[in-house]
Amino acid sequence: MVRKGQRSGVSHYDSLNQIQHYTTIRKYKNSDGQIIDEKSTKISLRYVFPKEMERMLLDNGFEIVTVYQDWDETPATNDSYELIYVCKKISN
């Protein structure tokens, strides 16, 4: 029987390229609490500032319909940690 394991992580932000590098380490334990497996995953996320995103979308033929701060369609505010853009392609 495998119990839920421990999760830890390391992150590093490359400010010149606006990329956050994450490494997540998961340690899985058996019913005696001994570590029986360990898995590591990595992801790199490119951060984009709101005005930069607006410009990229416009330059690539998209119109911003609305912006939310989460998948529950909560309107974005100055305190929003994440932004979700709903866009439509501009007809030529």
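In the predicted model, the side chains of Gln-20 and Ser-11 are joined by a polar contact of 3.3 Å. Gln-20 is part of strand E2, which spans residues 19-30, and, because its relative accessibility is 11%, Gln-20 counts as buried, the limit for that class being under 20%. Ser-11 also appears among the residues that Gln-20 touches once neighbours within four places in sequence are set aside; the others in that set are His-12, Tyr-13, Ile-43, Ser-44, Leu-45 and Tyr-47.

A second polar contact between side chains involves Glu-54 and Lys-51, at 3.3 Å. Glu-54 is located in helix H1, which covers residues 50-59, and with a relative accessibility of 30% Glu-54 is classed as partly exposed. When residues up to four places away in sequence are not counted, Glu-54 is in contact with Ile-64 and Tyr-85. For the pair formed by Glu-54 and Ile-64, a separation of 10 residues in sequence corresponds to a C-alpha to C-alpha distance of 7.6 Å in space.

Charged side chains were examined next, and the count of salt bridges comes to 4. One of them lies within helix H1, where Arg-55 and Asp-59 are 4 residues apart, about one turn of the helix; the closest N and O atoms of this salt bridge are separated by 3.2 Å. Both partners, Arg-55 and Asp-59, are exposed, a class that requires a relative accessible area over 50%.

Another salt bridge links the side chains of Glu-52 and Arg-46, with an N to O distance of 3.3 Å. Glu-52, at 25% relative accessibility, counts as partly exposed, and Arg-46 is likewise assigned to the partly exposed class, with a value of 46%. A further salt bridge is formed by the side chains of Lys-39 and Asp-37, for which the N to O distance is 3.6 Å. Lys-39 is partly exposed at 45% relative accessibility, and Asp-37 falls into the partly exposed class at 32%.

Taken by residue, the assignments therefore place Gln-20 of the Gln-20 and Ser-11 contact in the buried class, at 11% relative accessibility, whereas Glu-54, at 30%, is partly exposed. Among the salt-bridge partners, Arg-55 and Asp-59 are exposed, while Lys-39, at 45%, is partly exposed.

Technical notes. Residues are numbered from 1 along each chain as its sequence is written. This is a predicted model: local features need pLDDT of at least 70, side-chain atom pairs count only at pLDDT 80 or more; totals for chains, interfaces and linings use all residues. Side-chain values use heavy atoms; hydrogens and water are left out. Helices (H or I, at least four residues) and strands (E, at least two) are DSSP runs, numbered from the N terminus. Buried means under 20% relative accessible area, exposed over 50%, partly exposed in between (1.4 Å probe, protein chains only). Contact means heavy atoms within 4.5 Å. A polar contact is a pair of N or O atoms within 3.5 Å; within protein, one must be able to donate a hydrogen and the other to accept it, and residues adjacent in sequence count only if both atoms are side-chain atoms.
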